[in-house]
Amino acid sequence: MNALLSVSDKTGIVEFAQALHALGIRLLSTGGTAKLLAEQGLPVTEVAEVTQFPEMLDGRVKTLHPKVHGGLLARRELPAHMAALQEHGIDTIDLLVVNLYPFESTVARPGCTLADAIENIDIGGPAMVRSAAKNWKDVGVLTDASQYPAVIAELQAQGRLSDKLRFALSVAAFNRISQYDGAISDYLSSVQLDEAQVSDEAYVPALSLFPGQSNGRFIKLQDLRYGENAHQQAALYRDLHPAPGSIVTGEQLQGKELSYNNIADADAAWECVKSFETPACVIVKHANPCGVAVGANALEAYSKAFQTDPTSAFGGIIAFNRPVDGAAAQQVSKQFVEVLMAPDFTAEALDIFKAKANVRLLKIALPAHGGSTDGARGRNAVDTKRIGSGLLLQTADNHELALADLKVVTTKQPSPEEMQDLLFAWQVAKYVKSNAIVFCKGGMTMGVGAGQMSRLDSARIASIKAQHAHLSLQGTAVASDAFFPFRDGLDVVVDAGATCVIQPGGSMRDQEVIDAANERGVAMVFSGVRHFRH
């Protein structure tokens, strides 16, 4: 049996080669890998000896030869193939170990030149991997060090690889080639070429955020029981390299299998709650926050969030940005909850939920705030939306509003307490489906109007929600995710009890709305930023 080893990442390759040698497998190798194995005292034959052709063009050409690809592609069960190998003096290659030039990590480095990127496009490696993977019935192909133990275990146990393992290795190999080619396509079709500098070896190209071709690369985590409805099929995938602190990195500690709707709502709750610096709780129902609050601890935050809309909270999704302790768990367990998420759970909290075995508990590590809009707290840098035979891409709505960004446009100035409530309301409105109107006071939502075709209706619904929850809206702050096109929406929230309002501004009738606010004696602040969420 012959094994060809040619790796860029040398992790574990010496130990793997030693195990192969102990099994009587002949070792073939190239360049740096061959040198490393020889230094470890392993008998290794360089590919150049096999092909009788030296590596050339600074290593660009070394394995692109019939004696390599013939040995990989020959079908052992076909006499004509084996006769051709014998005629041309070609030995079979039964095991191929290749990991590719580090293109992805190269282009991820700040200041990567176009020349560096191009030189890290592997040619011979992918060609060999494709040959071996195509001929999976006869050849085992390894593309990652994590595969070494399983291969050695089978070879030691039965002297050969099973069809099942060889096929799995082939699938993994084609997946890796797809990922690699996708990364190259993404990078090259993002390059904004400067004709004057392209020939300069030190040229660092500007990159477009949206490449000429979008190559989504996702890994399936699990099949789901069904989709949004029982007649729909569904599955959950994650990014090839998921951001830390995202829903797909969570660990389910107990409960039934998550459904499609569970995951979608859990993501909405988690994205909202992790945007807060202080202890917070978010309750989501059908993709909209129905209760959000901050508090001194998890229990206080939950108690306040639940008050907003106890009816909608029934069967909802709850997220905390602090560990859930016994006190919080005891309170939450009194309600019907589908999914509960937190960075951690105390032993006491876990014991409490053991009595509610169907409650899905998710533990998700919460990364430190990054201080920047891209990737802060594990957020996506780009959002996608499927449309008929197409795809919409946009930068994610990661804008974070600061006190200094606000512009008071009315005679009345908001008090410091009102200003804090306005910022809180604005932060919540960002995660409410448009049109969004959010009443807040004292670090909690008091009424949420979401997803209406009319902003006026959203204002009315938010007020009705507060009435049903027996909450007074007197002295509340209100956030509107987009401008008030007319004064009628403002009149509704002021009639309900609001004393201050935050909105983006930018309407042709801004002055009409400002005049109405002055007339009603309320403070109004412009954020200058809209937060539509569809």
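Strands β16 and β17 form a hairpin with 2 residues between them. In the turn, S389 has a positive phi of about 55 degrees. This is a predicted model, and the values that follow are computed from it. The two arms of the hairpin, β16 at residues 382-387 and β17 at residues 390-395, pair in the antiparallel sense over 6 bridges. Within this pairing, T384 of β16 stands opposite L393 in β17.

L393 also leads to the surface of the model. Together with L209, F210 and L391, L393 makes a nonpolar surface patch of about 320 Å². F210 comes from another part of the chain, the loop between β7 (206-207) and β8 (218-224). Is F210 buried, partly exposed or exposed? F210 has a relative accessibility of 35%. Because partly exposed covers the range between 20% and 50%, F210 counts as partly exposed at this value.

Earlier in the sequence there is an open sheet. Its 5 strands are arranged in the order β3-β2-β1-β4-β5, and their pairing is parallel. The edge strands, β3 (44-46) and β5 (140-142), each pair on one side only. On average, and with direction ignored, neighbouring strands of this sheet are turned by 20 degrees against each other.

Inside this order, β1 (residues 2-7) and β2 (residues 26-29) pair in the parallel sense over 4 bridges. One point of reference in this pair is L5, which stands opposite S29 in β2. In a regular strand, side chains alternate between the two faces of the sheet. A helix can be placed against the sheet as well: α9, residues 148-158, lies across β1, β4 (95-99) and β5. The helix runs at about 170 degrees to β4.

The last stop is K441, found in strand β19 (residues 437-441). Which residues does K441 contact, leaving aside its neighbours within four places in sequence? They are D421, M446, Q474, G475 and T476. K441 has a relative accessibility of 37% and therefore counts as partly exposed. For a sense of distance, K441 can be set against T346, which is 95 residues apart from K441 along the chain. The C-alpha atoms of K441 and T346 are separated by 30 Å.

Key: Residues numbered from 1 in each chain as written. Predicted model: local features only at pLDDT ≥ 70, side-chain atom pairs only at ≥ 80, totals over all residues. Heavy atoms only, no water. Patch = residues over 30% accessible without salt bridge, like charges linked within 9 Å, V, L, I, M, F, W, Y side chains within 5 Å. Areas by Shrake-Rupley, 256 points an atom, 1.4 Å probe, with all protein chains shown as cover. Salt bridge = Lys/Arg side-chain N within 4 Å of Asp/Glu carboxyl O. Buried < 20%, exposed > 50% of the residue type's maximum accessible area, 1.4 Å probe, protein only. Pairing = 2+ DSSP bridges. Axes fitted to C-alpha atoms, helices over the stretch in contact; angles between N-to-C directions. Contact = heavy atoms within 4.5 Å.
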